[in-house]
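Trainee: Please take a close look at a single part of this model for me. Start from one sheet and its loops, then work outwards from there.

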Amino acid sequence: GPASNLCAVDIDTDDPEIIKKIEKILPVSPLRKKGAKGYTVLYKYNGMASKSVKDDKGNGVDFLSSGRQTVLPPSIHPSGIEYQWLSETTLLDVAKDHLPELPISSVERVLELFKVTPKEKPKEPVAFYKDANLDEAKHALTFLDADESYDQWVQVGLALQDGFGDVQGFELFNDWSAQGKQGKYDGAEKCYKKFKSLQYPREITISTLFFLARQNGYTGLADWGISNAMTDDDANKFDEVVSSWFGTADALSKDEALDIILHPVGFIKPVYEWVKKTSMYRQDLFAVAAATSFVSLVYAKRFKTQGGARTNNYLIAVGPAGCGKGRICDQAQWLVAHAPDNIRSKLIGKMRSDAGLIDALLNREGIVYAYIDEIGHYLRNIKSENASQFSRAIGSEFLELFSHANGTYSTGAYSAAAKRDIVNIDCPCLVIFGQSVPNRLFDSLSRADFEDGFVPRFTLLEVKPKDRIAIDNPDFVCPEDYFPDDIYKFVKWLDGWTTNAKATINFVGAATGKRDTALVVPCTPEAEKMLKVIKEDINAKRRAILETDLIDRPLARAYEQTIKYALCACEFINDRPMITENSVRWAKALVDYHLMVTEEHIPDITDTSYAKDRVRMTNAMPVGVKMTDKMFHTFTKDVQPNTRKQIMDDLIHQGVLEWVVEGDKKYLRRTK
């Protein structure tokens, strides 16, 4: 190590094939010695860390640096063999500065021969941390107690080394350590000695500091011109505002919610204004839906909330025929189709199979924007008994992909792109935007679709019956004549900003070996307080109804959807995204409106699904045949078990089915 300005590679094997492969990788050195097994090569020290690797047959390599030693000739090995120089020169004959260096890349290539990934990082911090924000790091350190634990003390030291190097990193570390009361490392000299002795495990980066700080209340707002605390007067006033907006006693009406929805915030606002301007007919609610779906795509894999919520939103614009929804919703597709390449390439149409959907995600970096015209008709087709198994599996993929947006999705759908049966997609983001007439949509849905969580994953925005007639847009301008340059300019700016944010301080990353692809967008204190009230409000509503009420399923998703849409409506403050109270208020109104639409249609869905299941189940059973329990379940396998039992009891009560007892056996028979 640095004490001798030397490092060494001990090839601990006599296997000629392995030695030959290693020699092809390592630089030639004028110093080589042999002991009992293999031989050792010496090089000039360049910051390499010590490490060892060995296969299951005992063949291995030791990289000797700080904290390690090697035995020199003419010492005697315990086996009785004398160490010997294999080279013509010895360590006394060669100046250390004239020795070749051992590149880190060569070390990694040797390790690859034994299929081991290096666990250490180079001594120097990687280049993109050299411009890290010192002020923000100092602010984060104020949330951490230097006496909390030795493990945390070491983690902070490693994080500061990684982010700011040995000089600036130590200054921050020493100032923070000095605030501790235990005094284990009092004094700059003693602290520096310990600081320098720390190793560099790959999983500890500067993001570890912010991860630890966020667990103790850090919000990352110090340099954003936003206070982390409210005065008592401000808090009291804000409590009144929150109560009037979100209190259970003063729930928003549908008109009040709609009024808030039609005044979006953040990036949704300019997109919404453009969609309204370029739509031949006026349906402002559908313009909001189109704009929100586009922003969901733009923010996909860029942003997430602290809890891991993403913008993988499923939206459906619902309206009667002739209300103009088609022309308005088409603007969302137009906007994506003319966007920069990284956005345009994500657009697809109707998925024909589950494997096709998986292929689309694999070929588009895990992000897909699916625009589905007449989605009610599409859902009915993929749920039909006559649909192929590949089409029916699409609905299951919708369910799974929605829930795995913050993790890794593994699926058994055969993928032509992957050429294997099992594929893994990290943080998949499927954004769905469709439009449908109410009857077609709700006829395609059943009670089971509520119970398994399929319907609650979608956000339904329906115009009122009085708006069924399309109204000409007096401000209409063709998209080509009103090209969305400002919108696309923002998308390109966001590309650069996101790259820079990830490459400099990763102010919201987690302490993991693999750096996250998405940045956490923090909430203002006011927004966090509002979200807490909303969660309590939703839980109170759920406690007031029965678990069997279908509205309980959408309510269970309401808080998650509120956070997801608040993320879409985040506002940029000092060129940084923030979930503000305006973002939360708008998202809450959108989700409330969706819940009201869903609740209005639940009776139709319940009656329709039961009637369909009853007809399907009755027709599946032959008249006059005595059915065993196994035969009955075979005939009625397409009906959910709970529904099947309810329909069976009703049919027995009405005389359509009857029990037949023969000896100790009992059969069920359809009478008519």
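Mentor: What follows starts with one sheet and then moves to other parts of the chain.

This is a predicted model, in which local features need pLDDT of at least 70 and side-chain atom pairs count only at pLDDT 80 or more, while totals for chains, interfaces and linings use all residues. Residues are numbered from 1 along each chain as its sequence is written, and side-chain values use heavy atoms, with hydrogens and water left out.

Begin with the open sheet. Its five strands come in the order β9-β10-β13-β8-β14, and the pairing is parallel. At the edges stand β9 and β14 (458–462); each has a single partner strand, so one side of each is left without a neighbour in the sheet. Strands here are DSSP runs of E with at least two residues, helices are runs of H or I with at least four, and the numbering starts at the N terminus. Two strands pair if DSSP finds at least two bridges between them. The parallel pair β9 and β10 is joined by two bridges. Leu-347 has Tyr-369 as its bridge partner in β10.

Now the loops beside β10. Glu-365 sits in the loop between α13 and β10. Its phi is near 55°, a positive value in a residue other than glycine. Most residues other than glycine have a negative phi. Glu-374 lies in the loop between β10 and α14 (375–383). The phi of Glu-374 is also positive, near 50°. Glu-365 is exposed, at 61% relative accessible area, whereas Glu-374 is partly exposed, at 27%. The cut-offs are these: buried is under 20% relative accessible area, exposed is over 50%, and partly exposed is in between, with a 1.4 Å probe and protein chains only.

Glu-365 also makes a salt bridge with Lys-346, at 3.7 Å from N to O. Lys-346 is in the loop between α12 (341–344) and β9 (347–348), and Glu-365 in the loop between α13 (354–363) and β10 (367–373), so the pair ties together parts that are 19 residues apart in sequence. Lys-346 is buried, with 5% relative accessibility. A salt bridge here is a side-chain nitrogen of Lys or Arg within 4 Å of a carboxyl oxygen of Asp or Glu. That rule gives a count of 17.

Two others sit within helices. Lys-541 and Asp-537 form one, their closest N and O atoms being 3.8 Å apart. They lie four residues apart in helix α19 (residues 525–543), about one turn of the helix. Lys-541 is partly exposed at 29%, and Asp-537 is buried at 5%. Glu-560 pairs with Arg-557, with 2.7 Å between the closest N and O atoms. These residues are three apart in helix α20 (residues 552–568), about one helical turn.

Tyr-369 of the sheet leads on to the nonpolar interior. Phe-294 touches Tyr-369, and its other contacts include Phe-267, Leu-335 and Ile-343. Contact means heavy atoms within 4.5 Å. Phe-294 is among the residues with the most contacts inside the largest nonpolar core, which has 116 residues. Helix α10 (residues 284–298) gives the largest share of this core, 11 residues. A separate core of 24 residues includes Leu-144 and Phe-195. Such a core is a set of buried Ala, Val, Leu, Ile, Met, Phe, Trp, Tyr and Cys residues joined through side-chain atoms within 4.5 Å.

For antiparallel pairing, look at β5. Five of the five residues of β5 (residues 60–64) are buried, so the strand is largely enclosed by the rest of the structure. Gly-60, Asp-62 and Leu-64 point one way, and Val-61 and Phe-63 the other. Strand β1 (residues 6–12) runs antiparallel to β5 and is joined to it by five bridges. There, Asp-10 has Asp-62 as its bridge partner. Strand β4 (residues 51–54) pairs with β5 over four bridges, again in the antiparallel sense. Val-53 stands opposite Val-61. The hairpin of β4 and β5 has five residues between the strands, and Gly-58 in it takes a positive phi near 90°.

Beyond β5, Pro-74 lies in the loop between β5 and β6 (84–85). The peptide bond joining Pro-73 and Pro-74 is cis, with omega about 5°.

Note on methods: Lists of a residue's contacts leave out its neighbours within four places in sequence.
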